[in-house]
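Here's a model to look over, with some questions about the words used to describe it. Each answer puts a value next to its cut-off.

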Amino acid sequence: MHPLLNIGVRAARRAGDLVVRHINQLDAIKVDSKGRHDFVSEVDRMAEDDIIQTVRRSYPDHAFLAEESGASGAGNDAEYVWIIDPLDGTTNFLHGFPVFCISIAVMHRGRIEHGVIYDPLRQELFTASRGTGATVDGRRMRVSETRTLEKSLLGTGYPYKPGSEWIDAYMGMLKAAMQETSGVRRPGAAALDLAYVAAGRLDGFWEIGLNIWDIAAGTLMIQECGGIVTDLDGRDGWQQSGNLVAGNPKVHEALLQLIEPHLTPELRR
Ligand code: IPD
Ligand code: CA
């Protein structure tokens, strides 16, 4: 395992243990609201601090881009940036709904090179390094071989923030997906959804308005497992827009076609 990935795994496991230790004390956890439907708990913050400390001990010169603390460490020109979602699925966690994970990626000169996603309840570890494939608990992963939407199970996330301009467009996409696939799931932790696409448990996924820390590790995993990741219109701007369509090559193509009639000019970009 690459040394950077090794540290990422150590940090993700430690943070996962910390998160799980708090699951039976949900009533005592301090929660702040970042906006309506958008929460952060002291557990998110503690997990993030712990991850950053773990990485810093080995790589004091690296920079960080983390969900709760933003950019820190070396300046903008840092060669290495660790992109961290310390608790993806915070709303699930706060309700005791058992779907959440830790997501950590390492970017080198602007390119995502390593990714770790850890599900601390199942103790399932997903890892990827560019050019060397991706694994779940040490076993190699591949995207599914499903060829049609009709036989596909898709994952998605809702544009749940109030005032979202995409609700109507999204509802059109969701309706079409409900009618044309085997099923659509909204588990509530985008990073884990992407790991499941990489592992072939979901055939495809789409969501509008994700952040880089939700997707950095999972998208690398999908690409390393033979899958495709694009923007909603099939192009490459997803790291900037956070609008994502992913899947095995056949399902990805079919999903783009399903989404296309519902794109607004802003979503087409
Ligand atoms: C959220 C989850 C959710 C997705 C949202 C994300 P958070 O992350 O990944 O599935 O639909 O877009 O913001 O806030 O729980 O870390
Ligand atoms: Ca997240």
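Q: What makes the link between the side chains of D44 and T90 a polar contact?
A: The side chains of D44 and T90 come to 2.7 Å. A polar contact is a pair of N or O atoms within 3.5 Å, where within protein one must be able to donate a hydrogen and the other to accept it, and residues adjacent in sequence count only if both atoms are side-chain atoms. The 2.7 Å of D44 and T90 is inside that limit, so the name fits. The side chain of D44 also makes a polar contact with the side chain of S41, at 2.6 Å.

Q: What should I know about where these values come from?
A: This is a predicted model, where local features need pLDDT of at least 70 and side-chain atom pairs count only at pLDDT 80 or more, while totals for chains, interfaces and linings use all residues. Residues are numbered from 1 along each chain as its sequence is written, chains are lettered from A and ligands numbered from 1 in the order in which they are written, and side-chain values use heavy atoms, leaving out hydrogens and water.

Q: Why is D44 called buried or exposed?
A: D44 has 0% relative accessibility, so it's buried. The scale goes like this: buried means under 20% relative accessible area, exposed over 50%, and partly exposed in between (1.4 Å probe, protein chains only). D44 sits in helix α2, residues 42-58; helices (H or I, at least four residues) and strands (E, at least two) are DSSP runs, numbered from the N terminus.

Q: How do you know which residues D44 touches?
A: Contact means heavy atoms within 4.5 Å. Not counting residues up to four places away in sequence, D44 touches E68, P86, L87 and T90.

Q: What makes P86 and D44 a pair that's far along the chain but not in space?
A: They're 42 residues apart along the chain, yet their C-alpha atoms are separated by 5.8 Å. P86 belongs to strand β5, residues 80-88. At 0% relative accessible area, P86 is buried too. Beyond four places in sequence, its contacts include D44, A47, E48 and I51.

Q: Why is E113 called buried or exposed?
A: Its relative accessible area is 16%, so E113 counts as buried. E113 is in strand β7, and its side chain makes a polar contact with that of R111 at 3.0 Å. Among the residues E113 touches beyond four places in sequence are V106, H108 and L220.

Q: What makes the phi of Q123 stand out?
A: The value is positive, about 50°, although Q123 isn't a glycine. Q123 lies in the loop between β7 (111-119) and β8 (124-129). With a relative accessible area of 53%, Q123 counts as exposed.

Q: What about the phi of D137?
A: D137 is another residue other than glycine with a positive phi, near 45°. You'll find D137 in the loop between β9 (133-136) and β10 (139-140). At 38% relative accessibility, D137 is partly exposed.

Q: How do you know how far E124 is from D137?
A: Their C-alpha atoms are separated by 6.2 Å, while along the chain they're 13 residues apart. D137 is also one of the residues that E124 touches. E124 lies in strand β8 and is buried, at 11% relative accessibility.

Q: Why is L153 called buried, exposed or partly exposed?
A: L153 has 25% relative accessibility, so it's partly exposed. L153 is in strand β11, residues 153-156. Leaving aside neighbours within four places in sequence, its contacts include G183, V184 and R185. From L153 to M178, 25 residues apart in sequence, the C-alpha distance is 10.0 Å.

Q: Finally, what makes the whole protein as compact as a globular one?
A: The protein has nine helices and 15 strands. Its radius of gyration is 18 Å, close to the 18 Å that the globule rule gives for 269 residues, so it's as compact as a globular protein of that length. That radius is taken over C-alpha atoms, and the rule is 2.2 Å times the number of residues to the power 0.38. The C-alpha atoms fill a box of roughly 50 × 40 × 35 Å along the principal axes. Of the 269 residues, 54% count as buried. Among contacts between residues at least 6 apart in sequence, 63% join residues at least 24 apart.
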